[in-house]
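Please work through the following exercises with the sequence and the model at hand. Each task is followed by a solution in steps.

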Amino acid sequence: MSTHLADTCLAPSAPPESFARGLIEGLGQTPKEIPCKYFYDQEGSALFDAICALPEYYQTRTEVALLRRHAGEIATAIGPDAEIVEFGAGALRKVRILLDALDAPRGYTPIDISGAYLREVVRLLAADYPALAMHPLAADFTLPLQLPPLSGATHRAGFFPGSTIGNFRPNAAMAMLRRMREMLNGGGLLVGVDLVKDPQILHAAYNDAAGVTAAFNKNLLARANRELGAGFDLDAFAHYAPYNPQSQRVEMYLVSQKRQSVTVGGQCISFAAGEAVHTEDSHKYTIESFREMTARAGFLPRAVWTDADRLFAIHWLESR
Ligand code: AVJ
């Protein structure tokens, strides 16, 4: 098989010490927190895939339908001979819709924090797109990062689907959009954003009947047990994910069901009965509030595509 898959571009995945450090630091704070980027080890990435197929989790299927319906217009906006840079690449399913619609895409640079998972999914994609130059980067895209130089492409276009941007506080989201704009060096950004809506719909999406989101949340503790020999009893913590309509975000917590102490990386961490560990925020935007934020980050918000029920939006942003 001839592919342009350059293994040298695959930076070493984040060392396990960084999870240990982040976990112990977050659990040492008051109130306790665990950064949501640690959800995505191999197990967590698979659980997230399962979330995307849940009946309550409308986001993925709505965004995929929007990408399919508007692929032609999106391809025109991006233009020929582009290199696609995907931030937080995951399973690489959505980008296939873009690649199939684009005129002569030249390269693809997926960036994901889960190196092992990225390696696996890039191999599958490369087999189906043998002419596409692959530059996978196992990296934390929230940190400063050097993209490989363009080879064969005339420009970059960023792809940031899935409303991953919702995981950041608005100020941090804006700072990150600014950095992306610099990285893209004049190229535009296609970004998928979950919309503000009926709190019941949002609540159901993060509290599914099958308990997959609860398992995804608790995977942080399971991962600590697997990788750091921590002693978390998963049944002694509850998944709690309310929508806060004033801050327009879903907040996710693990709540200690009793007073308990757990050893994590040689350190003893105490939990009061009912004490919560904050694990994720998932911010929702209106079309207008998101456009305003991207303009403040230096982008020129252009087309926006949304579904009839106004569940989800895809924005095309040009660089000034
Ligand atoms: C991947 C961040 C978009 O916030 O909806 C899904 C993660 N958390 N269910 C989201 C998630 C709980 C998801 N994002």
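The exercises below concern a predicted model and treat aromatic rings, strands, helices and single residues in turn.

**Exercise 1. Aromatic rings**

Task: Determine how the rings of Phe232 and Phe271 are arranged, and where the two residues lie in the chain.

Solution.
Step 1. A pair of aromatic rings is described by the distance of the centres and the angle of the planes.
Step 2. The structure holds 17 aromatic pairs. In the pair of Phe232 and Phe271, the ring centres are 6.2 Å apart and the planes stand at 65°.
Step 3. Planes over 60 degrees apart count as edge-to-face; the pair of Phe232 and Phe271 is therefore edge-to-face.
Step 4. Phe232 belongs to the loop between helix H9 (212-228) and strand S7 (237-240), while Phe271 belongs to strand S11 (residues 267-271). With these positions 39 residues apart, the pair links distant parts of the chain.
Step 5. Both Phe232 and Phe271 are buried.

**Exercise 2. Charges over rings and a cluster**

Task: State which ring Lys32 lies over, which ring Arg223 lies over, and which residues form one aromatic cluster.

Solution.
Step 1. Lys32 lies over the face of Phe271, 5.1 Å from the ring centre.
Step 2. Arg223 lies over the face of Phe19, and here the distance to the ring centre is 4.2 Å.
Step 3. One aromatic cluster is formed by Phe39, Tyr40, Phe48, Tyr57, Tyr206 and Phe216.

**Exercise 3. Strand S14 and its partners**

Task: Establish whether strand S14 is largely enclosed or open, and describe how strands S6 and S13 are joined to S14.

Solution.
Step 1. Strand S14 covers residues 312-319, and seven of its eight residues are buried. S14 is therefore largely enclosed by the rest of the structure.
Step 2. Strand S6 (residues 189-194) is joined to S14 by six bridges, and the two run antiparallel. Asp194 stands opposite Phe312 of S14.
Step 3. Strand S13 (residues 299-306) is likewise antiparallel to S14 and joined to it by six bridges. Here Thr306 has Ala313 of S14 as its bridge partner.
Step 4. S13 and S14 form a hairpin with five residues between the strands. Arg310 lies in this loop and takes a positive phi near 55°, in a residue other than glycine.
Step 5. The relative accessibility of Arg310 is 48%, so Arg310 counts as partly exposed.

**Exercise 4. Two helix pairs**

Task: Classify the crossing of helix H3 with helix H4 and that of helix H2 with H9, and name the residues in contact.

Solution.
Step 1. Two packed helices are described by the angle between their axes and the distance between the axes.
Step 2. The axes of H3 (residues 58-69) and H4 (residues 71-78) come within 5 Å and cross at roughly 70°. Angles of 65 to 115 degrees count as roughly perpendicular, so H3 is roughly perpendicular to H4.
Step 3. Leu67, Arg68 and Arg69 of H3 make the contact with Ala71, Glu73 and Ile74 of H4.
Step 4. The axes of H2 (residues 42-52) and H9 come within 9 Å and cross at roughly 180°. Angles over 145 degrees count as roughly antiparallel, and H2 and H9 are therefore roughly antiparallel to each other.
Step 5. The residues that make this contact include Leu47 and Phe48 of H2, and Ala215 and Phe216 of H9.

**Exercise 5. Two buried residues**

Task: Describe the surroundings of Ile78 and of His283.

Solution.
Step 1. Ile78 lies in helix H4. Buried means under 20% relative accessible area; Ile78 has 5%, so Ile78 is buried.
Step 2. Beyond its neighbours within four places in sequence, Ile78 is in contact with Ile84, Leu98, Leu102, His155, Ala157 and Trp316. The C-alpha atoms of Ile78 and Arg156 are separated by 8.7 Å, although the two residues are 78 residues apart along the chain.
Step 3. His283 lies in strand S12 (residues 276-283) and is buried, with a relative accessible area of 4%.
Step 4. Not counting residues up to four places away in sequence, His283 touches Ser163, Gly166, Phe168, Arg169, Pro170, Ser247, Gln248 and Arg249.

**Exercise 6. Backbone details**

Task: State where Pro31 and Asp81 lie, and describe the backbone there.

Solution.
Step 1. Pro31 is placed in the loop between helix H1 (16-27) and H2. The peptide bond from Thr30 to Pro31 is cis, with omega near -5°.
Step 2. Asp81 is placed in the loop between H4 and strand S1 (82-87). Its phi is near 60°, a positive value in a residue other than glycine.

How values were computed:
Residues are numbered from 1 along each chain as its sequence is written. This is a predicted model: local features need pLDDT of at least 70, side-chain atom pairs count only at pLDDT 80 or more; totals for chains, interfaces and linings use all residues. Side-chain values use heavy atoms; hydrogens and water are left out. Rings of Phe, Tyr and Trp (its six-membered ring) pair if their centres lie within 6.5 Å; planes under 30 degrees apart count as stacked, over 60 as edge-to-face and the rest as tilted. Helices (H or I, at least four residues) and strands (E, at least two) are DSSP runs, numbered from the N terminus. Buried means under 20% relative accessible area, exposed over 50%, partly exposed in between (1.4 Å probe, protein chains only). A charge sits over a ring if NZ of Lys or CZ of Arg is within 6 Å of the ring centre and within 35 degrees of the ring normal. Two strands pair if DSSP finds at least two bridges between them. Axes are lines fitted to C-alpha atoms, for helices over the stretch in contact, and angles run from 0 to 180 degrees between N-to-C directions. Angles under 35 degrees count as roughly parallel, over 145 as roughly antiparallel, 65 to 115 as roughly perpendicular and the rest as oblique. Contact means heavy atoms within 4.5 Å.
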